[in-house]
Every structure is written in structure tokens, then in C-alpha cells.
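Biologist: Please put the model on screen. I have some questions about it.

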Amino acid sequence: MKKTFICLFLTISFFSFPSFSNAVSSETYEKTKAGIYKNLNDVSISQQGHAVNTIQLLYNAPYLEGADREEVEAFRKTFQTTRNKTLLKDALENSLELRLYVRKAIQNAGLPPELEYLPVVESYYKTTAKSSSGALGLWQFMANSVKPYLELNDYVDERLDPWKETEAALKKLKENYNMFGDWLLAIGAYNCGAGAMQRALNKAEKKDFWFLAENKLIPLQTIQYVPKLLAIADLVMHSDFYEMDIPLHQDEYNGLYNETNGIFEYVCVKNAYSLKTLAQEMRIDYDILKKLNPSFIEGFTHPTKESTIRLPIGMKETAEKALENIKPIDFPVKYKVVKGDTLWGISKKFGVTVSQICELNNIKENAILSIGKILYIPSKLSR
């Protein structure tokens, strides 16, 4: 059951803490007893002969339960060390705009707010992060798990598109929740796979994440995955209480604008168009267009499928006019580099210029070619 609130005013009898503990999480109860919460308004009144205080709790109760568990506390301590605190702070500050977009997407989907910090666990919010197992992007999708959520082929890898990958990840998480009926199980399944989670539950006496973890019915990485998320989310969402020098969760919406809101304009094309050529014709910085369209891994749109190009607000008409003046790249020839190949030699072989090959493959003219590298060669019709 959802338990989020901004602040909670409670009248607490000094002789009746047990009844108070039933009203809030055990973590909140323990912290109140320990005097961790600031008593902003000490107002002594009388209630059935007992002295009581009115305490304003500044702690937002978590949506996901379990923040008071020992497993979570261990990770909470880990991320309060100097080195890990710096890593966390850098990840949060460097990803502010993107994180706030993720936060808004989570809110719009009605999902637990702690999920905003799942990309910290996955990639430290790095859109180009790649794991040793081949998982890629902000949310670390594997190549064999992109369907039906994302497109992946020789020309497009939507795992590199943080907006599309966020949409895909939230959809997958919601599907996991619909399957298991429990958010901790859903999050764990995002790490180990829904199939593995279901097999573990089939063996378990209790359909509970912590039971699976304690009995080692799920992989060690998954056992650590959920408490790590809960610890990071707790530290960041309540950074003032933990005296963490990191951005205040509740104040960050002051920076919302354009990209953060995911507000763009778009144009659709049905041929291969060079993003660099389009940027030049539009008279905007190529890096802007490249940043907004990172899924076009070869620097041009798909040669045979319809592609959607993401644009800054107010640039749609400019892009449409620019496209009228640009010839699309004809479906390129794929050439595998062999020993002894040079860009000059390849250009002569196919009757194209070195600059045309470089533009199509987004490489420099003095690039050293590695054996086995695939180069795309424009046809004569595209020149």
C-alpha cells in the first residue's frame, strides 16, 4: 500500500510508542525514538494525564518497504563512505536533466518513485554504459531482451536513446509487476529475468523477495540488486536527514525545461539521411542533432525503414525545408576491412571519395582501420 506523504503531524505520548509504531514504518518509529527527527514544535499538552509532544516528521515514508532491513543498511553505509558518496553525487549531478525526465515519466505511469534511482544501480546514469556481458545504455538492456521494446539492427540501436529506453524499461517493470504482484519481485526480475524469478518462486514456500534472497533461490547479483536500490533511493530522497551533500530530491524540479520534460519536435523520413548533412543544412551544431538522436549508430537514418528524427523545439519547419535540399544516401554497400586496406584504397575500389566514406561511417580521414570492421560505402546514386 502506498505510504508517501510530505510531512506528518503526530501527537505522541511518551508512554505509548508501541501504538505509534503501528502507524508508521518500523524505521520511522526507531528513528523517532532515537531522536533523529527534529522536534520543530515542542508543544506540551495534556492527554489523559500524560505529557505529549507534537512532532513534525520531515521524513517522507518510502513507497517500497524494506528500507529498515539490515541488508539495506549495509548498502546505505557503503554509499556514505567518501569514495562512494562522491560517485553517487557525481552521477546525480551529471544526469540532472535526464533524471528529472525519468522522474516525470515514472510519475505519469504511476510507478514507485524509487525507480528513478534504478539507472544509478544499472549505469550510474551513463547513457553509453556497457557491461561486460553486453548490456547497454541507461537501463542496461541486453541485445537478446530488447524485443518487443526497442529496435536493434545494423543501423539503429535504441538502447542508446535514453528517452526510448526509459519508456521501454518502465513498460518492462510494469509488466513484471503485473506478473508477480509485488514491486520488489518485479525489480528483482528486471535484473535476473522474469523466467528466473518465476522458477525461484515455484521452489519457494513464501512468495517474498527477502525469503528468496535469504534462501539463495535467486542469483547473488539479484540478492544485492534490490537492497542496493532501496539504500540509494533512501539516501537521496532523504539526503538532509543523512547529511549527504547531494542534490535535494524535492528541490530538483526547479530545473525542469524542454529536454527534461521530454518535449521535442519530430520529422519522419523513409530513406538514409546523414545527420551531419542535415545539421549543416539546418545551420545547427551537429552535436545537438547527434545528442538527440543517439540511436542512429552509423550517423544516418535507416536506409529502408521509416525513421523518426528528434529535433529541438521550434526546428521542425527548418528540418523539413532542409530535407527538401538533401539527397538521401542510397542503400550503402557493406564492406569488411581486410589486412592491408586503407581508406584511400577502398575509395578507389568503389569509385567514391575518402570524405564520403568517412561521413557515412562517422570516422576521421586519418583513422586506422581494424581488420574485420564493417564500412558502409555509398552507391553512385547517392553522390
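**Pocket, cores and backbone**

Modeller: The largest pocket has a volume of about 550 Å³. Keep in mind that this is a predicted model.

Biologist: Which residues are closest to the centre of the largest pocket?

Modeller: The lining of this pocket holds 26 residues. α6 (118–123), α7 (162–180), α8 (183–192) and α11 each supply at least two of them. Closest to the centre are E122, Q140, Y190, N191 and Q221.

Biologist: How do the residues of that lining divide into nonpolar, polar and charged?

Modeller: Glycine counts as polar here, and proline as nonpolar. On that rule the lining of the largest pocket splits into 13 nonpolar, 9 polar and 4 charged.

Biologist: Which helix gives the most to the largest nonpolar core?

Modeller: That core has 62 residues. Y117, L118, W139, L173, I187 and M197 have the most contacts inside it. The helix that gives the most supplies 11 residues and spans 220–237. It is α11.

Biologist: Take L118. What is L118 in contact with, leaving aside neighbours within four places in sequence?

Modeller: L118 is among the residues with the most contacts inside the core. A contact needs heavy atoms within 4.5 Å. With the sequence neighbours set aside, the partners of L118 are W139, L173, I187, Y190, Y225 and L229.

Biologist: How many residues does the second, separate core have?

Modeller: V267, Y273, L275 and I326 are included in this second core. Its count is 25 residues.

Biologist: What is the volume of the second largest cavity, and which residues line it?

Modeller: The count is 2 cavities of 30 Å³ or more. The second largest has a volume of about 30 Å³. Its lining divides into 1 nonpolar, 3 polar and 2 charged residues. They are S274, K276, Y286, G299, E359 and N362.

Biologist: Why do the buried residues of α15 line one face of the helix?

Modeller: Helix α15 runs over residues 343–350, and its buried residues are L343, I346 and S347. An α-helix has 3.6 residues a turn, so residues three or four places apart point the same way. Seen down the axis of α15, the buried residues line one face because they fall within an arc of 100°.

Biologist: Which residues are exposed on the other side of α15, and what covers the buried ones?

Modeller: Exposed means over 50% relative accessible area. On the other side of α15, W344, K348 and K349 are exposed. The cover over the buried residues includes β6 (333–336), α16 (354–361) and β7 (374–377).

Biologist: Which residue just after α15 takes a positive phi?

Modeller: The angle there is about 70°. The residue is G351.

Biologist: Is Y124 buried or partly exposed?

Modeller: Y124 sits in the loop between α6 and α7. Its phi is positive, about 55°, although Y124 is not a glycine. Most residues other than glycine have a negative phi. With a relative accessible area of 25%, Y124 is partly exposed.

Biologist: Where is R283 found, and is R283 buried or exposed?

Modeller: R283 has a positive phi near 65° and is a residue other than glycine. R283 is found in the loop between α12 (275–282) and α13 (286–292). The relative accessibility of R283 is 77%, so R283 counts as exposed.

Biologist: Which residues does a cis peptide bond join?

Modeller: Most peptide bonds are trans. In this cis bond, omega is about 0°. The proline, P148, lies in the loop between α6 and α7. The joined residues are K147 and P148.

Note on methods:
Residues are numbered from 1 along each chain as its sequence is written. This is a predicted model: local features need pLDDT of at least 70, side-chain atom pairs count only at pLDDT 80 or more; totals for chains, interfaces and linings use all residues. Side-chain values use heavy atoms; hydrogens and water are left out. A nonpolar core is a set of buried Ala, Val, Leu, Ile, Met, Phe, Trp, Tyr and Cys residues joined through side-chain atoms within 4.5 Å. Buried means under 20% relative accessible area, exposed over 50%, partly exposed in between (1.4 Å probe, protein chains only). Helices (H or I, at least four residues) and strands (E, at least two) are DSSP runs, numbered from the N terminus. On a 1 Å grid over the protein atoms alone, a cavity is a set of points where a 1.4 Å probe fits but cannot get out, and a pocket is an open set with protein on both sides within 12 Å along at least five of seven lines; lining residues have an atom within 4 Å of a point. Grid points are joined across faces, edges and corners, and a volume is the space filled by probe spheres set on the points. The arc is that of the directions from the helix axis to the C-beta atoms.
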